[in-house]
Amino acid sequence: MLIIDSPSNNAYFNIASEEYLLYKYTKEAIFLLYINAPSIIIGKFQNTLAEINLDYVQAQGIKVVRRMSGGGAVYHDLGNLNFSFHILLGENDFMDFSTFTQPVVSLLNSMNIPAKLEGRNDLLIEGKKFSGNAKLAKNGKMIQHGTLLISSQMEVLGDALKVNPLKFIDKAVKSNRARVINLNEYLPQDMTVSAFKQLLIEEMRKNNPEAKIYKLTDEDILGIEKLVAEKYSTWEWNFGFSPNYNFKKAIKIPAGFIEIHLDVHKGYIEKAKIFGDFFASKPIEELENILIGQKHEAVHLAQLLEKHDVTAYFGKVNIAELMELFK
């Protein structure tokens, strides 16, 4: 087994590293650890815009990254330790989450903390969740990865994952908002995330005497950064990959009441319908047609609408007011 402690706090880099390692080390077992700066990690099959509070996320500079595995959306920050096991497919039952959460449970139990696996894939203490886990099978290997909330900013977690449920109707997997807790409520007061990470590495080495500490090489880092540039930092992967959904929003501005309905496929608008009590000198159907085929992304749509005289469709209105329609 190779034990890898990521040198980066960049969520794009760390999520990309899972795919890179999957294809580089096709036979070796891997235990990867990483800590991300504030970010939201989206499950592969989720509709990103239905999972996040986009205005808040953008204002706070929080990265949004889609991972390879299914499951729900999770918030990461510097108070959250993430672990990832890579093993050959078939060595363990794919639906067994206990094998690869046991090191965490054993470590905490040795500290007299009553952690245990409950339900399908969550670690809890006294009924409160501190870890969620997800899996995937690819390239002859299985990956199980999980989060460990140690001193995460819970108020940011709540704000970043809030979204108006009336704005979206889609076929994607919605995250189950569980009651969560930080481990620092049970850990010794001086226990840092880095210190807990080292304890977990020691636990792994105790149970796997053949394990070796592996440091990412310059070649590895270049390979991961290539994946970041081509995939994990792109709008197409993180937002455009989202399943089909219907978007609906209404606003009231000085020009009048405006309501918009969009059918979106893989992040691109396929149908648009605009209603309201505004006064237009041009047919609103013209603007609806302009929207078709465009990314459902506020910055892109703002740049598009700046090329047109929107007052001809809505009366006295500005781009900033209209952008509230698309968020």
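**Group meeting: a sheet, a helix and a buried asparagine**

Okay, let's start with helix H1, residues 11-24. H1 lies across E1, strand E2 (30-34), E6, strand E9 (128-138), strand E10 (141-149) and E12, and its direction is at about 165° to that of E2.

Before I go on: this is a predicted model. The mean pLDDT of the protein chain is 87, with 94% of the residues at 70 or more. Confidence peaks in helix H7, residues 218-232, at a mean of 97, and is lowest in strand E11, residues 168-170, where the mean is 66. Where pLDDT is low, the coordinates shouldn't be read in detail.

Now, the sheet. What is the strand order? Going across, you get E7-E8-E9-E10-E6-E2-E1-E12, so to speak an open sheet of 8 strands with mixed pairing. The edges are strand E7 (115-118) and strand E12 (212-214), each pairing on one side only. From one strand to the next, the twist averages 20°.

Look at the E12 end for a moment. Strand E1, residues 2-5, pairs with E12 in the parallel sense, over 3 bridges. If you want a residue pair to find on screen, take Leu 2, whose bridge partner in E12 is Lys 212.

Next, a residue I'd like you to click on: Asn 80, in strand E6, residues 80-88. Buried or exposed? Asn 80 has a relative accessible area of 0%, and since under 20% counts as buried, buried is the answer.

What do the polar atoms of the Asn 80 side chain sit beside? One lies 3.3 Å from the backbone oxygen of Tyr 75. On the Leu 148 side, the backbone nitrogen is 3.2 Å from a polar atom of the Asn 80 side chain. Leaving out neighbours within four places in sequence, Asn 80 contacts Tyr 34, Ile 35, Tyr 75, Thr 147, Leu 148 and Leu 149.

Last stop, the nonpolar packing. In soluble globular proteins, nonpolar side chains tend to be buried together. Here, the largest nonpolar core has 47 residues, and those with the most contacts inside it are Ile 40, Ile 258, Ile 274, Leu 291, Phe 314 and Phe 326. Ile 40 touches, among others beyond four places in sequence, Ile 52, Val 57, Ile 62, Val 74, Tyr 75 and Leu 161. So Tyr 75 turns up twice: Ile 40 touches Tyr 75, and Asn 80 is in contact with Tyr 75 as well. Apart from that largest core lies another, of 32 residues, including Leu 81, Phe 83, Val 105 and Ala 115.

That's my tour, thanks.

Methods: Residues numbered from 1 in each chain as written. Predicted model: local features only at pLDDT ≥ 70, side-chain atom pairs only at ≥ 80, totals over all residues. Heavy atoms only, no water. pLDDT = per-residue confidence, 0-100. Helix = DSSP H or I, 4+ residues; strand = E, 2+ residues; numbered from the N terminus. Buried < 20%, exposed > 50% of the residue type's maximum accessible area, 1.4 Å probe, protein only. Polar contact = N/O pair within 3.5 Å; in protein donor to acceptor, adjacent residues only side chain to side chain. Contact = heavy atoms within 4.5 Å. Core = buried A, V, L, I, M, F, W, Y, C linked by side-chain atoms within 4.5 Å. Pairing = 2+ DSSP bridges. Axes fitted to C-alpha atoms, helices over the stretch in contact; angles between N-to-C directions.
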